[in-house]
Amino acid sequence: MPVIRFVREQRDVECYPGENLREVALREGIELYGLKGRLGNCGGCGQCITCFVEVVEGGGDNALTEQTSVELMKLKRRPQTWRLACQALVQKSVMVLTRPQVGLADREGELGRARSLPLPEGPTAWPEPPAAAEGEEPQESETPAKAAGTPSTTSGEGGVLPADGR
Ligand code: FES
């Protein structure tokens, strides 16, 4: 299911259904924050209102989970297409513009380019954990992301890149 197309960064990033948009962006090195958020943000608690993204297109109405009560309160005076990345869980492929409060040179051109490429389906389910051999204890040193096989990213040219950047 989900691929997040970051329009400003010209990157497609795969994630698993239900992953937090902010956490996926941070994991992939996508800059979510303007200056204020870089200087100090709430770490994803929905309090600093600095992790704006604009949902440009994708997945119908339910590409992201519904606005939380925090967003309903904090985004009252913002465009209806804006979300707080830390409050949104990704359910289907979606196209977002990070830092929508910051201008984007040739916005319409960039949006047109992003919309012209089909959104890939991406992973449809979390991977099964590897079966432990009989009598073998599961390895605790392995991080959950590694154990789950962190999804790969794709470049703007459509090539698939492994998540570790090699
Ligand atoms: S990180 Fe503070 S509101 Fe999202």
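Biologist: Does isoleucine 49 count as buried, exposed or partly exposed, and what is its number of C-beta neighbours inside 10 Å?

Modeller: This is a predicted model, and in it isoleucine 49 counts as partly exposed because it has 18 C-beta neighbours inside 10 Å. A count of 20 or more would make a residue buried, and 12 or fewer would make it exposed. Isoleucine 49 sits in the loop between helix 2 (35-39) and strand 3 (52-57).

Biologist: What is the phi of isoleucine 49?

Modeller: The general idea comes first: most residues other than glycine have a negative phi. Isoleucine 49, although not a glycine, has a positive phi of about 55°. Aspartate 106 also has a positive value, with phi near 55°.

Biologist: Where is aspartate 106? And is aspartate 106 buried or exposed?

Modeller: Look in the loop between strand 5 (94-98) and helix 4 (107-116). Aspartate 106 has 9 C-beta neighbours inside 10 Å, so it counts as exposed.

Biologist: Now a loop residue for contrast. Where is leucine 32 found, and why does leucine 32 count as it does on the scale from buried to exposed?

Modeller: Leucine 32 belongs to the loop between helix 1 (21-27) and helix 2. It counts as buried because 22 C-beta neighbours lie inside 10 Å. Setting aside neighbours within four places in sequence, leucine 32 is in contact with Arg22, Ala25, Gly37, Cys51, Ala85 and Thr98. Its C-alpha is also 9.7 Å from that of proline 100, 68 residues away in sequence.

Biologist: Let me step back to the whole chain. How many helices and strands does the chain have, and in what order do the elements run?

Modeller: There are 5 helices and 7 strands. Starting at the N terminus, the order is β-β-α-α-β-α-β-β-α-α-β-β. Among contacts between residues at least 6 apart in sequence, 69% join residues at least 24 apart.

Biologist: Which strands pair with strand 3?

Modeller: Strand 4 (residues 82-84) pairs with strand 3 in the antiparallel sense over 3 bridges, and phenylalanine 52 stands opposite leucine 84 there. Strand 5 also runs antiparallel to strand 3, joined by 4 bridges, with valine 53 opposite threonine 98. As a reading aid, side chains in a regular strand alternate between the two faces of the sheet.

Biologist: And the interior? Which residues have the most contacts inside the largest nonpolar core?

Modeller: In soluble globular proteins, nonpolar side chains tend to be buried together. Here the largest nonpolar core has 29 residues, and those with the most contacts inside it are Ile4, Leu21, Ala85, Val94 and Val96. Strand 1 (3-6), helix 1, strand 3 and strand 5 are the elements that give it two or more residues. Strand 5 gives the most, with 4 residues. Take valine 96: not counting residues up to four places away in sequence, it touches Ile4, Phe6, Val7, Val53, Glu54, Val55 and Val56. Over the 166 residues of the chain, 28% count as buried.

Biologist: Which element has the lowest mean pLDDT, and which the highest?

Modeller: Where pLDDT is low, the predicted coordinates should not be read in detail. The chain averages a pLDDT of 83, and 78% of the residues score at least 70. Helix 1 has the highest mean among the elements, 97, and strand 7 (residues 160-161) the lowest, 46. Over residues 155-163 the pLDDT is below 50, and this stretch has 15 contacts in the model beyond near neighbours in sequence.

Terms used. Residues numbered from 1 in each chain as written. Predicted model: local features only at pLDDT ≥ 70, side-chain atom pairs only at ≥ 80, totals over all residues. Contact = placed C-beta atoms within 7 Å. pLDDT = per-residue confidence, 0-100. Pairing = 2+ DSSP bridges. Core = buried A, V, L, I, M, F, W, Y, C linked by C-beta atoms within 7 Å.
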